[in-house]
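Here are a few notes to read alongside the structure. Take them one at a time, and look for each residue as you go.

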Amino acid sequence: MKTRFAIAMLVIAILCASAMAQDNTAESRFKKGQEPGRNGSYEEAVKAYDNALELEPKNAEAWLGKGTVLSLWAGSTHDEGLYEDVIKAFDKAIELDPQQISGRLVKANALLNLGRYNESLNILDEAIEATSQNSEKAQIWFEKAHLFAEQGNYNETIEALEKVIELAPQDIDLLINGGILLSAVMGRNDALKYYERALQIDLKDGYAWYVKGEALKSLGRNSEADAAFVKAKELGYQE
């Protein structure tokens, strides 16, 4: 599924940027874990985080960093054993920092990849209860929409996406990704209204024009699609 960003991957990027500690020696080891993780050297990065955790075994940020790299590694290999390791790392992070949201989101994604839908849904519901920020709640509801779509529960998918819009009505990225999710599982006609909502917020968003064009093209509305593609190109979007 082609999206401007995926929520879980956005969380991963945030975690990679933030996994630091107060102890200088541990901090240097965290840095050694971050750079290989960004560059795809996942095994080396995990070892670096393990070295850091030897010094600070109760550092939640270190466990988040390790879980993050493991999640990227699992996503690149589709290795179920690695997804199990992701869950263990985030379980430890959540144990040490019960209020944090990011680990729950990525853990839920790992459970989803293992087909453990009910457990994934429970984690997402826990995450909703653990935050008071609408922006975070909106991201969690998007993950719930993804989960429902994977299960084939399309009415629940739409309801979850409407909750996303209720919580973050001005978030163009979530609107576009909602449309792309619907396009993948239900057809372009359902997706089109999400792109149009995004363009109501910002008519100069080239990517929104492009995905709208894709939806129109698939519906056989070729002249409208061509106009949308032209607009996207005028605004600087390149496929």
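1. Let's begin with a group of rings. In this predicted model, Tyr207, Tyr210, Phe229 and Tyr237 form one aromatic cluster. A search of the whole structure finds three aromatic pairs, and two pairs within these notes are worth finding on your screen: Tyr207 with Tyr237, and Tyr210 with Phe229.

2. How do Tyr207 and Tyr237 sit relative to each other? A pair of aromatic rings is described by the distance of the centres and the angle of the planes. For Tyr207 and Tyr237 the centres are 5.3 Å apart and the planes make an angle of 50 degrees, a tilted arrangement. Tyr207 belongs to helix H12 (residues 206-218), while Tyr237 is in the segment after helix H13 (222-234), so this pair ties together parts that are 30 residues apart in sequence. Both Tyr207 and Tyr237 are buried.

3. Now look at Tyr210 and Phe229. They too form a tilted pair, with 5.6 Å from centre to centre and 45 degrees between the planes. Tyr210 is in helix H12 and Phe229 in helix H13, 19 residues apart, and the pair links these distant parts of the chain. Are the two residues buried or partly exposed? Buried means under 20% relative accessible area. Tyr210 has 9% relative accessibility, so it counts as buried. Phe229 has a relative accessible area of 22% and is therefore partly exposed.

4. Rings can also have charged neighbours in this model, and here are two examples to find. The charged end of Lys144 sits over the ring of Trp141, 4.0 Å from the ring centre. Arg197 lies over the face of Tyr194, and here the distance to the ring centre is 5.5 Å.

5. Next, please turn to helix H7, which covers residues 117-130. Its 14 residues reach 20 Å from the first C-alpha to the last, close to the 20 Å expected at 1.5 Å a residue.

6. Which residues of H7 are buried? They are Ser120, Ile123, Leu124, Ala127 and Ile128. Try looking down the axis of H7: the buried residues fall within an arc of 145 degrees, so they line one face of the helix. Asn118 and Glu129, on the other side of H7, are exposed.

7. What do the buried residues of H7 pack against? Their partners are helix H6 (102-113) and helix H8 (134-151).

Notes:
Residues are numbered from 1 along each chain as its sequence is written. This is a predicted model: local features need pLDDT of at least 70, side-chain atom pairs count only at pLDDT 80 or more; totals for chains, interfaces and linings use all residues. Side-chain values use heavy atoms; hydrogens and water are left out. Rings of Phe, Tyr and Trp (its six-membered ring) pair if their centres lie within 6.5 Å; planes under 30 degrees apart count as stacked, over 60 as edge-to-face and the rest as tilted. Helices (H or I, at least four residues) and strands (E, at least two) are DSSP runs, numbered from the N terminus. Buried means under 20% relative accessible area, exposed over 50%, partly exposed in between (1.4 Å probe, protein chains only). A charge sits over a ring if NZ of Lys or CZ of Arg is within 6 Å of the ring centre and within 35 degrees of the ring normal. The expected span of a helix is 1.5 Å times one less than its number of residues. The arc is that of the directions from the helix axis to the C-beta atoms. Contact means heavy atoms within 4.5 Å.
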